[in-house]
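Have your viewer open and your selection tool ready. We will walk through a few stops together, choosing what to select at each one and saying what is there.

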Amino acid sequence: MKSPMAKTIDINSDLGESFGAWRMGDDAALLAIVSSANIACGFHGGDPDIMRGTVALAVQHDVAIGAHVSLPDLQGFGRREMAVTPNEAYALTLYQIGALHGFAQAAGTRLRHVKPHGALYNMAARDAALASAIACAVRDFDPSLRLFGLANSALIDAGIAIGIPVAAEAFADRRYRADGSLQPRREPDAVIQESDEAIAQAMAMAREGQVCAVDGSVITLQADTLCVHGDGSHAVAFARQLRAALEAADIGIAPPHATGKRA
């Protein structure tokens with residue numbers, strides 16, 4: 001008989017990032033693997049048709065749906081920093097949550113979480129005022145929504161401070177700096193290309209709560225959810241490998257709301 005699961009962790013992916021005639025990733029395949037979907041809300045990717053279709057696919061696969069909110073930067077895919085004020089961050093977060101909520105409600109389901117995207121995510125990880133504005137927008141829309149943010153970051157602290165549920169996120173395929181921040185994509189080797197190396201990093205984070213930084217130091221973190229990026233050529237194969245490795249280690253896969261983590 002198989003032993004009881006020693007631990008449960010979420011696997012999330014950023015989906016619904018196609019726009020118009022332009023297509024990104026294989027959302028249908030990834031939704032058969034992950035437990036949470038962060039769906040673009042039209043600011044960095046996605047459009048009304050894509051949002052509706054991605055929500056429908058998530059419902060079909062019983063995957064938890066979250067709003068993937070971004071800076072208003074379609075051309076730069078939300079990866080360029082913008083000088084937004086906390087008030088602006090609050091408004092753009094609330095606006096995007098509301099847009100995806102409409103599609104979720106029409107599909108007979110509800111949102112479970114909110115995760116900032118790209119530059120907004122990294123800015124909120126280090127800027128307490130921006131982090132607080134985003135957390136307040138989530139709370140004011142629905143205090144049961146879970147805020148996803150970089151483990152050990154200002155965004156997680158902001159969610160905890162105002163009493164909303166949070167999920168500390170770790171990245172299987174991104175390199176970390178010694179301060180716990182992600183190495184910027186503009187720098188060489190910021191993304192781990194080898195599947196075996198990325199899976200080994202994910203397993204260390206899931207089992208031991210540790211990740212090795214680029215300078216060789218060891219960072220301690222609690223990972224409630226692991227992100228797998230959906231836009232690479234090997235994204236689906238990698239997600240399958242990661243899920244298989246976690247399950248082989250008796251680590252269950254479930255969204256944070258199903259486990260009651262960080263409530």
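## Stop 1: a salt bridge across the chain

Start by selecting Glu-81 and Arg-126, which form a salt bridge with their closest N and O atoms 2.7 Å apart. The two partners come from distant parts of the chain, 45 residues apart: Glu-81 lies in the loop between strand 3 (64-69) and helix 3, while Arg-126 belongs to helix 4 (residues 118-126). Bear in mind as you look that this is a predicted model.

Turn on the surface for this pair. Glu-81 is partly exposed, at a relative accessible area of 48%, whereas Arg-126 is exposed, at 55%. Searching the whole structure gives ten salt bridges, so there are others to visit, as side chains of opposite charge can pair when their charged atoms come close.

## Stop 2: a buried pair and its network

Next, select Lys-115 and Glu-169. Their side chains meet in a salt bridge, 2.7 Å from N to O. This pair also links distant parts of the chain: Lys-115 sits in strand 4 (residues 113-116) and Glu-169 in strand 6 (residues 166-171), 54 residues apart.

Are these two side chains buried or exposed? Lys-115 counts as buried because its relative accessibility is 2%, and Glu-169 counts as buried with 0%.

## Stop 3: from a loop to helix 7

Now pick Arg-175 and Glu-197, whose side chains form a salt bridge at 2.9 Å, N to O. Arg-175 is in the loop between strand 6 and helix 7 (195-208), and Glu-197 is in helix 7 itself, 22 residues apart. Arg-175 counts as buried at 15% relative accessibility; Glu-197 is partly exposed at 37%. Before moving on, add Asp-14 to your earlier selection of Lys-115 and Glu-169: salt bridges with shared partners join these three into one network.

## Stop 4: two helices side by side

Finally, show helix 3 (residues 86-106) with helix 5 (residues 128-141). How do they pack, and at what angle? Their axes are 8 Å apart and make an angle of about 35 degrees, and the crossing is right-handed.

To see the contact, display side chains on both helices. Helix 3 contributes residues including Tyr-90, Leu-94, Ile-97 and His-101, and helix 5 residues including Leu-130, Ile-134, Val-138 and Phe-141. Colour the contact by residue class and you will find 13 nonpolar residues, three polar and one charged.

How values were computed:
Residues numbered from 1 in each chain as written. Predicted model: local features only at pLDDT ≥ 70, side-chain atom pairs only at ≥ 80, totals over all residues. Heavy atoms only, no water. Axes fitted to C-alpha atoms, helices over the stretch in contact; angles between N-to-C directions. Helix = DSSP H or I, 4+ residues; strand = E, 2+ residues; numbered from the N terminus. Left-handed = near helix turned anticlockwise from the far one by under 90°. Contact = heavy atoms within 4.5 Å. Nonpolar A, V, L, I, M, F, W, Y, C, P; charged D, E, K, R; others polar. Salt bridge = Lys/Arg side-chain N within 4 Å of Asp/Glu carboxyl O. Buried < 20%, exposed > 50% of the residue type's maximum accessible area, 1.4 Å probe, protein only.
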